[in-house]
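Reader: Hi! Could you walk me through this one before I head back to the bench?

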Amino acid sequence: MADYIVGDIQGCLSGLKALLSKVDFNPLSDTLYAVGDLIGRGPDSLDTLAYLHAMGDNFQTVLGNHDLNLLAIYCGVRRAKKADKLDALIASVDFAKYCHWLRQKPLAMHITPNILLTHAGLYPNWSFAKALSLSAEISETLRGEQWQHMVKMMYGDEPSRWTDDLTGDARQRFIINAFTRMRFLENDLRLEFECKLPPRDAPRSLTPWFVVNNSTIDAQQKVVFGHWAALNGETHDERFIALDTGFVWGGHMTLLCVDSLQLIQK
């Protein structure tokens with residue numbers, strides 16, 4: 001039995017299967033976790049969801065922005081973009097089944113007591129416990145009868161800075177944005193959504209979220225995330241492990257062995 005975490009799959013099923021074969025992954029005894037963005041832009045989104053869904057409890061994932069985009073398409077909030085290559089999935093008789101399956105998934109989860117999994121990262125000064133609590137707030141709504149309202153209101157860039165007294169739609173929107181869209185922060189810890197460059201090429205006024213001092217994360221804790229392909233896995237801090245290495249753009253797909261923290265790439 002072994003546990004693995006895979007970076008952004010984005011509908012690239014052949015790459016995922018080739019990567020899992022390198023570690024002799026057994027879906028009956030091993031567990032695969034994902035950082036989200038299971039679908040979108042790759043050629044096989046429908047078959048990817050079918051493959052992962054068939055693993056049952058041996059597959060677990062957090063939600064990424066592309067996964068939430070699929071829910072928005074299902075709710076009629078957004079139209080599918082041609083570049084996302086979702087036509088076969090949307091036309092499938094299983095479209096609704098997969099959307100309702102995805103909305104049961106959280107924004108953050110513990111893999112071990114010292115490993116936190118999210119799609120985009122951990123907002124500064126949120127502890128693991130706080131992150132899981134905020135994720136649970138979203139899950140309660142996303143799994144409930146009012147889930148489509150939340151999907152409709154989640155788009156927007158404001159509020160861009162966290163305060164504990166945020167309430168209602170604004171609170172939920174910030175939590176979702178921080179877990180699924182975050183890359184850079186302004187000097188006052190405001191989320192900045194436009195820049196997707198590697199940190200070395202970004203304006204000096206912007207700081208990667210993982211560079212900002214976070215006194216709530218100790219040396220033994222790890223935040224495993226995806227979303228930011230331009231990092232190419234480089235954070236220069238052992239506490240933050242970036243697994244999106246741009247397979248859908250011609251880069252690599254990356255797998256992390258939970259026990260050894262060894263990285264395996266395809």
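Author: Happy to; we can go from the overall fold to a few single residues. This is a predicted model, where local features need pLDDT of at least 70, side-chain atom pairs count only at pLDDT 80 or more, and totals for chains, interfaces and linings use all residues. Residues are numbered from 1 along each chain as its sequence is written, and side-chain values use heavy atoms, with hydrogens and water left out.

Reader: Great. How many helices and strands does the protein chain have?

Author: The protein chain has eight helices and 12 strands. These are DSSP runs numbered from the N terminus: helices are H or I with at least four residues, strands E with at least two.

Reader: And how compact is the protein chain?

Author: It is as compact as a globular protein of that length, because its radius of gyration is 17 Å, close to the 18 Å that the globule rule gives for 266 residues. The radius is taken over C-alpha atoms, and the rule is 2.2 Å times the number of residues to the power 0.38.

Reader: What share of the residues is buried?

Author: Of the 266 residues, 55% count as buried. Buried means under 20% relative accessible area, exposed over 50%, and partly exposed in between, using a 1.4 Å probe and protein chains only.

Reader: Switching to cysteines: how many disulfides are there?

Author: Zero turn up in a search of the whole structure; a disulfide here is a pair of cysteine sulfur atoms within 2.5 Å. For cysteine 12, the nearest cysteine sulfur is that of cysteine 99, 19 Å away. For cysteine 75, the nearest is also that of cysteine 99, at 7.8 Å.

Reader: Are those two buried or exposed?

Author: Cysteine 12 counts as buried because its relative accessibility is 7%. Cysteine 75 is buried too, with a relative accessible area of 12%.

Reader: What about glycine 76, buried or exposed?

Author: Glycine 76 has 61% relative accessibility, so it counts as exposed. Glycine 76 sits in the loop between helix 3 (65-74) and helix 4 (87-91).

Reader: Any backbone oddities? Which residues does a cis peptide bond join?

Author: Glutamate 158 and proline 159, with omega about 0°. Proline 159 is in the loop between helix 7 (147-153) and helix 8 (168-180). Most peptide bonds are trans, and most residues other than glycine have a negative phi.

Reader: And what is phi of histidine 227?

Author: Near 75°, a positive value in a residue other than glycine. Histidine 227 is buried, with a relative accessible area of 8%, and lies in the loop between strand 9 (222-225) and strand 10 (240-242).
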